[in-house]
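Colleague: Got a minute to walk me through this one? I'd like to start with the sheet.

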Amino acid sequence: MINSKGGQVVYETMLGDILSGKLRPAERIPSRLDLIRRFKTTPVTVQRAFDRLAEAGFIESLGRKGTFVVARPPNRHRIGLVFKGSPSSPEWRQFWTIMRNVSAELEGEDNWHFDSYLEIENIDSPGRTRLTYDIENHRLAGLMHVSKGTIAEIPAAQDIPCAAVITSDDARLEKTLSILLDTRRFIADAIRYQVSCGCKKVAMIATPGFRGSLFPILSEVLESYNLPLERKWIQTGNLNAPSESANLAELLFSSGPRKRPDALLVLDDNLTPHVCRGLAAVGLLPERDVTIVSHANYPSPSVSTGVVRLGFDNTVILRSVVSYFQQCRNNGKRMTSFTVVPPIFERDLPEKTYKN
């Protein structure tokens with residue numbers, strides 16, 4: 001009989017056969033008696049290895065028929081969504097909520113399964129502990145990082161296919177699917193719409209991460225329409241205290257009609273309801289007094305009447321992620337890939353989709 005490490009040897013050998021495809025999905029695995037003879041070990045040792053494989057989601061017992069590899073092994077069908085914080089924390093974003101909702105809607109499509117890992121920045125959090133277990137036990141086909149920053153938080157995942165949302169073309173990542181949300185086109189489309197409504201004075205409330213990169217784009221687009229760029233009309237909202245955006249809106253629009261802006265871009269939908277509250281405080285309404293184009297995450301209902309929504313479809317994002325992981329699975333390796341997700345006005349969404 002081999003020593004107490006025998007159970008680990010049986011487990012790793014059987015797992016390796018499943019991961020390599022030597023044991024295929026839904027295929028019957030060797031009997032306990034065959035494994036006892038093969039590894040010169042005990043029934044208890046083999047059973048412990050079976051228990052670990054079953055706990056990790058790789059095998060299942062079908063009674064008298066025997067024990068089989070599951071039809072959808074997690075290493076081939078399970079995608080992890082990686083988040084900082086949780087829905088109860090101040091740093092949580094509407095984008096992340098919609099991403100989780102869409103993943104639930106796509107559950108089972110093409111035999112894929114999604115799972116969320118929360119608060120992974122905290123090494124002692126349940127989400128981080130569970131993610132570590134799943135990485136160590138090869139239970140993931142890929143990891144979707146809802147922001148680029150979480151990749152560095154998980155060095156143990158370097159061999160797993162990854163996808164990440166980026167905000168600029170020069171932020172592309174090697175051996176990763178980099179998903180660029182086309183904010184340049186967002187600015188251009190938003191201002192084009194406002195100009196078509198007769199607007200001549202555009203203000204913007206951005207977020208700390210976007211203001212620096214978008215300012216040159218805003219300047220370029222406004223210049224193309226011979227519109228002025230007033231630096232005092234470019235303000236930064238605090239995502240950890242979104243209600244403060246009401247004060248920014250009050251300040252921007254407290255002057256008379258000749259001096260105040262007649263159009264506003266809101267670069268994050270977490271801020272939009274508060275911006276509208278600030279306008280109401282000075283007696284102004286969206287559409288009637290100010291043409292507002294707000295960033296939006298689809299699918300999500302509008303919560304601000306009169307606001308024109310322009311944003312990015314999370315279903316498109318997740319489907320591009322699934323396609324990338326499918327390619328990595330078929331090729332047996334991580335690949336470098338890049339995709340651009342264009343903005344879309346709410347009015348242009350498919351008729352059956354995302355209605356309030």
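Modeller: Sure, and keep in mind that this is a predicted model. There's an open sheet of 6 strands, in the order β4-β3-β5-β6-β7-β13, and the pairing is parallel.

Colleague: Which strands stand at the edges?

Modeller: β4 and β13 (337-341) do. Each has a single partner strand, so one side of each is left without a neighbour in the sheet.

Colleague: And how many degrees are neighbouring strands turned against each other?

Modeller: On average 20 degrees, with direction ignored.

Colleague: What packs on that sheet?

Modeller: One helix to look at is α6 (residues 126-136), which touches β3 (78-82), β4 and β5. The direction of α6 makes about 135 degrees with that of β4. Then there's α11 (residues 314-331), also packed on the sheet, touching β3, β4, β5, β6, β7 (176-181) and β13. The direction of α11 makes about 160 degrees with that of β7.

Colleague: Let's zoom in on one pair of strands. How many bridges join β5 to β6?

Modeller: There are 3 of them, between β5 (residues 142-145) and β6 (residues 162-166), and the two strands run parallel. If you want a spot to click on, Leu143 is opposite Cys162 in β6.

Colleague: Back to α11. At what angle does α5 pack with α11?

Modeller: About 60 degrees, with the axes 9 Å apart.

Colleague: Why do you call that oblique?

Modeller: Because roughly perpendicular begins at 65 degrees and roughly parallel means under 35, α5 and α11 come out as oblique to each other. Their crossing is right-handed.

Colleague: Which residues meet there?

Modeller: From α5 you have Phe95, Ile98, Met99, Val102 and Ser103, and they meet Asn314, Thr315, Ile317 and Leu318 of α11. By class, this contact of α5 with α11 has 6 nonpolar residues, 3 polar ones and no charged.

Colleague: Now α9 and α10. Within how many Å do their axes come?

Modeller: Within 7 Å, for α9 (residues 245-252) and α10 (residues 272-281), and they cross at roughly 40 degrees. α9 and α10 are therefore oblique to each other, and α9 passes α10 in a right-handed crossing.

Colleague: Who makes the contact?

Modeller: Ser245, Ala246, Ala249 and Glu250 on the α9 side. On the α10 side, His274, Val275, Arg277, Gly278, Leu279 and Ala281. Sorted by class, the contact of α9 with α10 has 5 nonpolar, 3 polar and 2 charged residues.

Colleague: New topic: β10. Which residues are on each side of β10?

Modeller: In β10 (residues 263-266), Ala263 and Leu265 are on one side and Leu264 and Val266 on the other. All four are buried, so both faces of the strand are covered.

Colleague: And what does β10 pair with?

Modeller: One partner is β8, joined to β10 by 4 bridges and running parallel. Met204 is opposite Leu265 of β10 there. β10 also pairs with β11 in the parallel sense, over 4 bridges, and Val266 has Ser294 in β11 as its bridge partner.

Colleague: There's a cysteine I'm curious about, Cys199. Is Cys199 buried or exposed?

Modeller: Buried, with a relative accessible area of 6%. Cys199 is in the loop between α7 (183-196) and β8 (202-206).

Colleague: What does Cys199 touch?

Modeller: Leaving aside residues up to four places away in sequence, Cys199 touches Gln194, Leu227, Asp262, Ala263 and Thr291. Ala263 is one of the buried residues of β10. Also, Cys199 and Pro261 are 62 residues apart in sequence, yet 8.6 Å apart in space, C-alpha to C-alpha.

Colleague: Last thing, backbone oddities. Which peptide bond is cis?

Modeller: The one from Tyr298 to Pro299, with omega near 0 degrees. Pro299 is in the loop between β11 (291-298) and β12 (308-313).

Colleague: And where is Asp110, the one with a positive phi?

Modeller: Asp110 is in the loop between α5 (94-105) and β4 (113-117). Its phi is about 55 degrees although Asp110 is not a glycine, and Asp110 is exposed, with a relative accessible area of 56%.

Colleague: What about Asn226, what's the phi there?

Modeller: Near 55 degrees, a positive value in a residue other than glycine. Asn226 is in the loop between α8 (208-224) and β9 (234-236), and at 72% relative accessibility Asn226 counts as exposed.

Methods
Residues are numbered from 1 along each chain as its sequence is written. This is a predicted model: local features need pLDDT of at least 70, side-chain atom pairs count only at pLDDT 80 or more; totals for chains, interfaces and linings use all residues. Side-chain values use heavy atoms; hydrogens and water are left out. Buried means under 20% relative accessible area, exposed over 50%, partly exposed in between (1.4 Å probe, protein chains only). Two strands pair if DSSP finds at least two bridges between them. Axes are lines fitted to C-alpha atoms, for helices over the stretch in contact, and angles run from 0 to 180 degrees between N-to-C directions. Contact means heavy atoms within 4.5 Å. Angles under 35 degrees count as roughly parallel, over 145 as roughly antiparallel, 65 to 115 as roughly perpendicular and the rest as oblique. A crossing is left-handed if the near helix is turned anticlockwise from the far one by less than a right angle, and right-handed if clockwise. Ala, Val, Leu, Ile, Met, Phe, Trp, Tyr, Cys and Pro count as nonpolar, Asp, Glu, Lys and Arg as charged, and the others, Gly among them, as polar.
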